[in-house]
Amino acid sequence: MGLHIVKRESCPLWKKALFYLAAIVVALSLGGVILLAIGVDPIAYYTRMFTMGTIGNRIAYKTFINYLIRFVPLALTALGLSLAFKMRFWNIGGEGQFIMGSLAASAVALLLGNSLPSAVTLILMCLAAMLAAGLYGLVVAALKVKFGTNETLMTLMLNYVALYVLTFLGETKADWNFFLDPESLRPVFASFSDIVSFPGIPMGGKFSLNICVVLTVLIGVLVYVYLRYTKQGYEINVVGDSAGTAKYAGMKVNTIVLRTVFLSAALIGLAAAFKVGTAGILSTSITDDVGWTGIIVAWLAQLNTWAILLVSALISLLHHGSVIAAATFSQVDSSFANMLQGVILFLVLAADFYTRFRVVTFKKGGKDNGNG
């Protein structure tokens with residue numbers, strides 16, 4: 001008797017959804033067991049986490065605003081990464097590209113914010129961030145197409161280069177370093193929140209919807225159209241399926257790789273511009289790990305544009321809700337969300353494997369007896 005794994009011919013959508021839902025339920029159940037073990041009521045904790053403490057909260061709108069601030073850069077970063085991943089270019093450099101975009105956007109705000117209209121400054125911040133991040137990613141793509149270097153290692157190492165540059169600028173008190181507050185005796189990043197900030201759209205009462213949220217959803221629509229209905233999007237899918245086939249069809253594979261990686265990194269840079277333009281200040285933790293979390297989001301969503309927006313919303317709720325719940329339940333650290341996210345990822349990937357393959361048993365010299 002033995003086991004053999006074979007690929008499924010098809011799996012109904014309802015069955016896939018059922019598997020994924022079951023994976024999430026099991027993950028939450030395991031989290032509940034851990035909560036019980038440390039003396040916390042899982043129902044109370046999850047209620048607090050998933051509602052983000054908005055029930056009975058007079059300033060619930062502020063909680064929702066903070067939630068959207070977390071959602072925007074994560075969703076946009078995951079969208080950018082998905083473009084490269086669809087082409088099987090493993091861009092692990094979201095963190096570094098985000099940092100370079102943040103530095104470029106902040107430089108524009110600090111140097112030009114007082115001399116230009118706010119709207120012009122914001123546009124220039126976005127363009128500068130996209131250009132800086134795009135070029136940072138393009139360096140790796142150029143090395144890949146020219147010398148065949150490993151893009152995973154290159155983008156990973158450049159993450160740390162960008163981080164050390166940001167740390168250096170944040171700790172070096174000098175006349176040339178305009179990123180720091182000149183009035184502070186110790187190295188502190190200068191704030192530009194009173195100079196320029198992304199506007200909000202009044203939604204009634206005290207709640208104002210940041211325009212970055214609307215732009216992020218709009219960009220999601222544009223990415224979907226780009227991938228599904230344009231020649232460039234078709235080329236990305238062909239190169240991802242087989243670079244050899246793309247070359248045989250007359251496609252300029254190297255050009256496609258360079259263009260797509262630049263666009264991928266540029267979207268991450270735009271996410272950075274939205275983040276610093278909303279926060280109004282740089283920090284050494286400006287990325288909030290979206291470069292890493294964005295990879296998880298993209299894979300959980302199976303690189304589907306609409307699913308990326310949905311998964312980003314759920315992961316953002318998980319993280320922000322855990323921070324709020326941790327303030328109520330002192331036994332639980334806010335990093336509980338990271339553990340729960342890891343368990344969810346592992347079980348969803350297991351469910352995804354089961355939707356793609358089936359396990360059959362067989363006897364040596366005999367036929368298959370069934371499937372799992």
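**Exercise 1. Is L111 buried or exposed, and what is its relative accessible area?**

Before we start, a word on the model: it is predicted, with local features needing pLDDT of at least 70, side-chain atom pairs counting only at pLDDT 80 or more, and totals for chains, interfaces and linings using all residues. Residues are numbered from 1 along each chain as its sequence is written, and side-chain values use heavy atoms, leaving out hydrogens and water.

*Solution.*
- Step 1: Recall the classes: buried is under 20% relative accessible area, exposed is over 50%, and partly exposed lies in between (1.4 Å probe, protein chains only).
- Step 2: L111 has a relative accessible area of 52%, so L111 is exposed.
- Step 3: Place L111 on the chain: L111 is found in helix α4. Helices here are DSSP runs (H or I, at least four residues), numbered from the N terminus.

**Exercise 2. Find the nonpolar surface patch to which L111 belongs, and say which element gives the most to it**.

*Solution.*
- Step 1: Apply the patch rule: residues need over 30% relative accessible area and no salt bridge, and nonpolar side chains (Val, Leu, Ile, Met, Phe, Trp, Tyr) are joined within 5 Å, whereas like charges are joined within 9 Å. The areas come from the Shrake-Rupley method with a 1.4 Å probe; for residues, only the protein chains shown count as cover.
- Step 2: List the members: L111, L112, V120, I123, L124, L127 and F178 make a nonpolar patch of about 580 Å².
- Step 3: Sort by element: α4 (94–112) and α5 (118–147) are the elements that give two or more residues to the patch.
- Step 4: With 4 residues, α5 gives the most to this patch.

**Exercise 3. Describe how helices α3 and α7 are arranged**.

*Solution.*
- Step 1: Choose the quantities. Two packed helices are described by the distance between their axes and the angle between those axes.
- Step 2: Fit the axes as lines to C-alpha atoms, for helices over the stretch in contact, with angles from 0 to 180 degrees between N-to-C directions.
- Step 3: Read off the values: the axes of α3 (residues 60–86) and α7 (residues 211–229) come within 9 Å and cross at roughly 15°.
- Step 4: Name the arrangement: α3 and α7 are therefore roughly parallel to each other. The angle classes are roughly parallel under 35 degrees, roughly antiparallel over 145, roughly perpendicular from 65 to 115, and oblique for the rest.
- Step 5: Add the hand: the crossing of α3 and α7 is left-handed, a term for a near helix turned anticlockwise from the far one by less than a right angle.

**Exercise 4. How many salt bridges does a search of the whole structure find?** Work through each pair.

*Solution.*
- Step 1: Use the criterion, a side-chain nitrogen of Lys or Arg within 4 Å of a carboxyl oxygen of Asp or Glu. The search finds 3 salt bridges.
- Step 2: Take D288 and R70, whose side chains meet at 3.2 Å, N to O. This pair links distant parts of the chain, 218 residues apart: D288 is in the loop between α10 (253–279) and α11 (290–300), and R70 is in helix α3. D288 is partly exposed at 36% relative accessibility, and R70 is partly exposed at 23%.
- Step 3: Turn to E151 and K144, which form a salt bridge of 2.9 Å, N to O. E151 is buried at 5%, whereas K144 is partly exposed at 31%.
- Step 4: Finish with R259 and E235, in a salt bridge of 2.8 Å, N to O. R259 lies in helix α10 and E235 in helix α8 (residues 231–241), so the pair ties together parts that are 24 residues apart in sequence. R259 is partly exposed at 29%, while E235 is buried at 10%.

**Exercise 5. Where do R88 and D289 lie?** Check their phi angles too.

*Solution.*
- Step 1: R88 lies in the loop between α3 and α4. R88 has a positive phi of about 60° although it is not a glycine.
- Step 2: R88 is exposed, at a relative accessible area of 52%.
- Step 3: D289 lies in the loop between α10 and α11. D289 has a positive phi of about 65°, and it is not a glycine either.
- Step 4: At 44% relative accessibility, D289 is partly exposed.

**Exercise 6. What separates the C-alpha atoms of T155 and W90, in space and along the chain?**

*Solution.*
- Step 1: Locate T155 in helix α6 (residues 151–171). T155 is buried, with a relative accessible area of 2%.
- Step 2: The C-alpha atoms of T155 and W90 are separated by 8.5 Å, and the two residues are 65 residues apart along the chain.
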